[in-house]
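Biologist: Could you take me through this model before I set anything up with it? Please begin with the overall layout and then move to individual sites.

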Amino acid sequence: MPVFDFSNSPEKAKVSECTYTVFRTNAPFTSPDQPILILDTKEKAFPHHPCGIFTNPSKRTSFEFKDEEESFIADILQIDARFVSLLKWLGENHINVRLSGTQTSDGYAVYKIREIAFGGGAKLSAEDGFLQFMIERLLASNAPEEEIEDEDQEETGDSMKLTSIQSITDFMNCAGRTLPDNIRLWARRNLAVARSHEVSPEERRHAQRALSMMMNIQWKSNYFEAIDPVEARRILDEELYGMERVKQRIIETIIQINRTHTLPAYGLLLIGPAGTGKSQIAYAVARILKLPWTTLDMSSINDPEQLTGSSRIYANAKPGIIMDAFSMAGESNLVFIINELDKAASGKGNGNPADVLLTLLDNLGFTDNYIECMIPTVGVYPIATANDKNQISAPLMSRFAVIEIPDYTPEEKKIIFSRYALPKVLKRIGMKENECILTPEGLDAVISCHENTSGIRDLEQAAEHIAANALYQIEVNHVSSVTFDAEMVRELLLSC
């Protein structure tokens, strides 16, 4: 177990003594019962808000504070594993802090750390805002595994006086092993490039941009909290009418997540006619999973490079759409909604965009040509939509659990139009339900006019047309309400 040595003393004769033990927790908050660290109070009782610095004058990791002009040193007895690197950074840079805590049987339990002044004056990012940002980010992280001694060797090199580089450096030092191992090592290499004068300014700029993107992503584990099936069903019923078989298949997926606390090995592929609510189902699943979501429209992607990014050898290089999605979401767990998957069979550029999706869907990791680092995708849940499954390649189909979305029956269309589509339009344009009335024969006429169309988009347009006509007659002819029978509907909807 490492011991913090803030004295930077070259002396090696003394044997370091570790005063603390590490406890591991994934709690997203701190409290007296869930502290950041516990200090020894045998020598001196602590005030409620002791002010001082983390120090190590005698090879013992401790906190030094003053009380009535007299200095006291208290050893750290226990510390949350996520905050080990942060406390090391605070000590190395002599950051003056104020602790908030409470006295317990184990010692002084610290649950809040605030900076009260600049320490050393050279750290541009050592403001309290940065400290609170780091604490919030670490609380959102999972506890790291057992640390390996001497793994993190201090890097030497010239120091650029750029706030962004300094912030990235401080973040990496404080985050420590809460970052995935491959990303942590990748970040150290790119930071060396960004700080080096032996490479071109273009290379430094690309390295700094890549670091900024990667460090602003919250890298989470693949553990998922249980989801309430009743609430999931309510969301599905709110978004869709009918489709019981489809809803049951989604609830089965939710129950599977509750049992394993991980995402299923396969995403969902929703296949059906246009306008049947495939995208609505995808958005509903993202709401149920409580994950950020992003949309990939495969009909507008003509070159694989749009997905994978371009190499840094080009001056105008940039990351791909997939990496941009991670960056915008701010975390590694998200829902990818891939629209019109059947349009991804071939591109106009070099290669096939559909082949790029295979690596994203395999949950083995995705590599962007610009970032040059494997991104963990175990927390990515893909949901694709398509109209024609015959246009999708067999390897791509094998990555999904396929759900066929049937078209609505005439009876279902009647209920959707009368209970949902028309009332929704009337509410949007500020009309009362008794101002636009549709007779049963008029409703039958609406459905018969659209019997050869799939989905409900045409029905929604018909509702818009009927409501707009009723509003026109009310405003121009000064009538109190309009009742549409079959003949009026057919005359209004000229396509019948």
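Modeller: The chain holds 16 helices and 16 strands, where helices (H or I, at least four residues) and strands (E, at least two) are DSSP runs numbered from the N terminus. This is a predicted model, in which local features need pLDDT of at least 70, side-chain atom pairs count only at pLDDT 80 or more, and totals for chains, interfaces and linings use all residues. Residues are numbered from 1 along each chain as its sequence is written, and side-chain values use heavy atoms, with hydrogens and water left out.

Biologist: What percentage of the residues is buried?

Modeller: Of the 496 residues, 47% count as buried. Buried means under 20% relative accessible area, exposed over 50%, and partly exposed in between, with a 1.4 Å probe and protein chains only.

Biologist: And how much area does the chain expose?

Modeller: The exposed area is about 24,700 Å², and carbon and sulfur atoms supply 50% of it. Accessible areas come from the Shrake-Rupley method with a 1.4 Å probe, and for residues only the protein chains shown count as cover.

Biologist: What share of the contacts joins residues 24 or more positions apart?

Modeller: Such pairs make up 73% of the contacts in the chain with a separation of 6 or more. A contact means heavy atoms within 4.5 Å.

Biologist: Changing topic, how many cavities of 30 Å³ or more are there?

Modeller: The search of the whole structure finds two. The largest cavity contains about 70 Å³ of space. On a 1 Å grid over the protein atoms alone, a cavity is a set of points where a 1.4 Å probe fits but cannot get out, and a pocket is an open set with protein on both sides within 12 Å along at least five of seven lines; lining residues have an atom within 4 Å of a point. Grid points are joined across faces, edges and corners, and a volume is the space filled by probe spheres set on the points.

Biologist: Which residues line the largest cavity?

Modeller: Its lining includes Arg137, Phe171, Ile217 and Trp219. Helix H2 (128-139) and helix H3 (163-175) are the elements that give two or more residues to that lining. By class there are seven nonpolar, three polar and one charged residues. Here Ala, Val, Leu, Ile, Met, Phe, Trp, Tyr, Cys and Pro count as nonpolar, Asp, Glu, Lys and Arg as charged, and the others, Gly among them, as polar.

Biologist: What about the second largest pocket: what is its volume?

Modeller: That pocket has a volume of about 510 Å³. Of its 19 lining residues, Lys220, Tyr223, Phe224, Glu225 and Asn333 are the closest to its centre. The lining divides into 10 nonpolar, five polar and four charged residues.

Biologist: Phe224 and Asn333 interest me. Which residue in the loop between H8 and E9 is in contact with them?

Modeller: Leu291, which is in that loop, is in contact with Phe224 and Asn333, and its other contacts beyond four places in sequence include Glu331 and Val335. Leu291 counts as buried at 11% relative accessibility. Its C-alpha atom is 9.8 Å from that of Gly379, 88 residues apart along the chain.

Biologist: Lys290 is in that loop too. Is it buried or exposed?

Modeller: Lys290, in the loop between helix H8 (278-289) and strand E9 (293-297), is exposed, with 75% relative accessibility. It has a positive phi of about 55° although it is not a glycine.

Biologist: Where is Phe336, and what does it touch?

Modeller: Phe336 is in strand E10 and is buried at a relative accessible area of 0%. Beyond four places in sequence it touches, among others, Leu296, Ile322, Leu360 and Tyr381.

Biologist: Now a charged residue: is Lys413 buried or exposed?

Modeller: Lys413 lies in helix H13 and counts as buried, at 5% relative accessibility. Among the residues it touches beyond four places in sequence are Asp407, Tyr408, Ile447 and His450.

Biologist: Ile447 is in H14, I believe. Which residues of that helix are buried?

Modeller: In helix H14 (residues 440-449), they are Gly442, Leu443, Ala445, Val446, Ile447 and Cys449. Their cover includes helix H13 (410-428) and helix H15 (457-476).

Biologist: Last one: how many disulfides should I define?

Modeller: The count is zero, taking a disulfide as a pair of cysteine sulfur atoms within 2.5 Å. As for individual cysteines, Cys51 is partly exposed at 32% relative accessible area, whereas Cys373 is buried at 5%.
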